[in-house]
Amino acid sequence: MENQGNMQSGKKAAVIYFLAAFFIACIGIAGANYLKGELGLSAEELVKKVELTVEIAVLLGIAIAVRHLLKKRNRKIAGIIVFLFVAGFFSWQNSGIWQESQLKPQRLETPESEFDRYDIKDGHFTVAEANANIVKEINVDYLDNVTVHFSKPVAQKVIVRVLYETKTQHGFDNKTRKMRVKVHKGETVGCVSMKVKDVTRIKIGIGRKIGTQFDYGYTEINGNYAARMHQKKVSMVKYFVFFMLIPAGYFILAAGKKWQEKTDKNICLRILSFPFGFITILSLFATFLVVNLVEWVKMTCGNVSFSIILLQLTSPIKGTDSGIINSIIKTAVVPPVLLAVAAVLCYLFIVRGMYALEDLPVKKIPRWSKICIEVVMVVFFLHTVQVQGTEIGMWDYIQSVRESSDFYEKEYVNPAKVKMTFPKEKKNLIYIFMESMESSYADKEDGGTMDDNYIPNLTKLARENV
């Protein structure tokens, strides 16, 4: 009777510990999202993160029930089948496959009259003025991407920009609602990815510099349907594997109870697992920090090049607006701290819960599992750096600065040593270079912010020259 009472009290304690871990995870996620609210992150993103936390908790609960509550073999098999079914359903839901049926490609009809500030001749387009664009009403419930097709491979790099309006967000002057993609020489498609609901209008700009030339084909929304479906299926498999790792890790830890004491005495494992707390927490915090910093840069500064980011990072901060520094601390530094603390507390409560269920002989996980977690966290951090570095163009920048060129050695001519002769009909090239000049003082029609154009002569120069 005493053993049975201890088992019941242990199960109650385990339930309390697991519930505490669940609520701490939800509080950490909600708190981090609240702090990042000024970046325009939606409540929908918060709901998705909390839903994923709930799903993990449900699957862990089923795994625990299979091990401790279902005693008979046929019931355990039934429990495993239920787990597989629930994991499959959660994977299908998180992958978003069910949404793809609503995102069929739709070709936009764009006659020549809708193109603004382009010179068009025989299907050949030239950017004639600043901010050349197409504005189109679409009124769609969900927009996944805008795909621009060129009738011929582009002869030079072309920037495709897309701004959008929704039922609640009006105007095209918000940089957080501006997406773009680079179409490189020889390519025929530019796909600007975005996941937005209730889009009413889009503004498409093809070519950023005056004089850019291309052969436009057509534009479609929610294009590359087959590729998106393939990506969703791959995402579903990834989610399913992730969900399967939850019971696998739990069962492996619980099954290793008998030989945990023996392995923990191994001197090599002791040495390798010694920095567990430091490496794991540091990697976890660094991972969250990298993601949040990149998110802050993209939402605050827009699609700027990595060289500009590097310039700002290496510039003195003296005189910088305190609002910028406060924004970085609030939205990019404090949330990772909050998430890392929540993750550590969740880990401690889950370990206590497993100890209460007698899945662990002591209130700590085996040393071999600590080593595994260390490796996983470091790999996850490096993967995050690789992905986020690609997002902001860091790797392209590193590759470009490492490239060497002998252009100046080959092409430079010293006028002091070489006699310059001119043709009979001279051609003058006037090159005007202006630093820190921008178009804010132009009128809105010419890409500025004023009702009246205060720099008409400069605007005229921009229109008539490259």
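What follows is a short chat about a predicted model.

Q: What should I know about the model and its numbering before we start?
A: This is a predicted model, in which local features need pLDDT of at least 70 and side-chain atom pairs count only at pLDDT 80 or more, while totals for chains, interfaces and linings use all residues. Residues are numbered from 1 along each chain as its sequence is written, and side-chain values use heavy atoms, with hydrogens and water left out.

Q: OK, how many disulfides turn up?
A: A search of the whole structure finds zero disulfides, a disulfide being a pair of cysteine sulfur atoms within 2.5 Å.

Q: Why is cysteine 268 not in a bond?
A: The closest cysteine sulfur, in cysteine 372, is 15 Å from the sulfur of cysteine 268, which is too far for a bond.

Q: And is cysteine 268 buried, exposed or partly exposed?
A: Cysteine 268 has a relative accessible area of 48% and is partly exposed, where buried means under 20% relative accessible area, exposed means over 50% and partly exposed lies in between, with a 1.4 Å probe and protein chains only. Cysteine 372 is also partly exposed, with a relative accessible area of 42%.

Q: Switching topic, how many aromatic pairs are there?
A: The count comes to 17 aromatic pairs; rings of Phe, Tyr and Trp (its six-membered ring) pair if their centres lie within 6.5 Å, and planes under 30 degrees apart count as stacked, over 60 as edge-to-face and the rest as tilted.

Q: What kind of pair do phenylalanine 115 and tyrosine 216 make?
A: Their ring centres are 5.1 Å apart and their planes are at 70 degrees, so phenylalanine 115 and tyrosine 216 form an edge-to-face pair. Phenylalanine 115 lies in strand 2 (residues 115-116) and tyrosine 216 in strand 10 (residues 216-221), so the pair ties together parts that are 101 residues apart in sequence; helices (H or I, at least four residues) and strands (E, at least two) are DSSP runs, numbered from the N terminus.

Q: How does phenylalanine 125 sit against tyrosine 216?
A: The rings of phenylalanine 125 and tyrosine 216 have centres 5.6 Å apart and planes at 65 degrees, so this pair is edge-to-face. Phenylalanine 125 is buried at 4% relative accessibility, and tyrosine 216 is buried with a relative accessible area of 9%.

Q: What does histidine 149 touch, apart from residues up to four places away in sequence?
A: Histidine 149, found in strand 5 (residues 133-150), touches Thr188, Val189, Tyr216, Gly217, Tyr218 and Glu220, where contact means heavy atoms within 4.5 Å.
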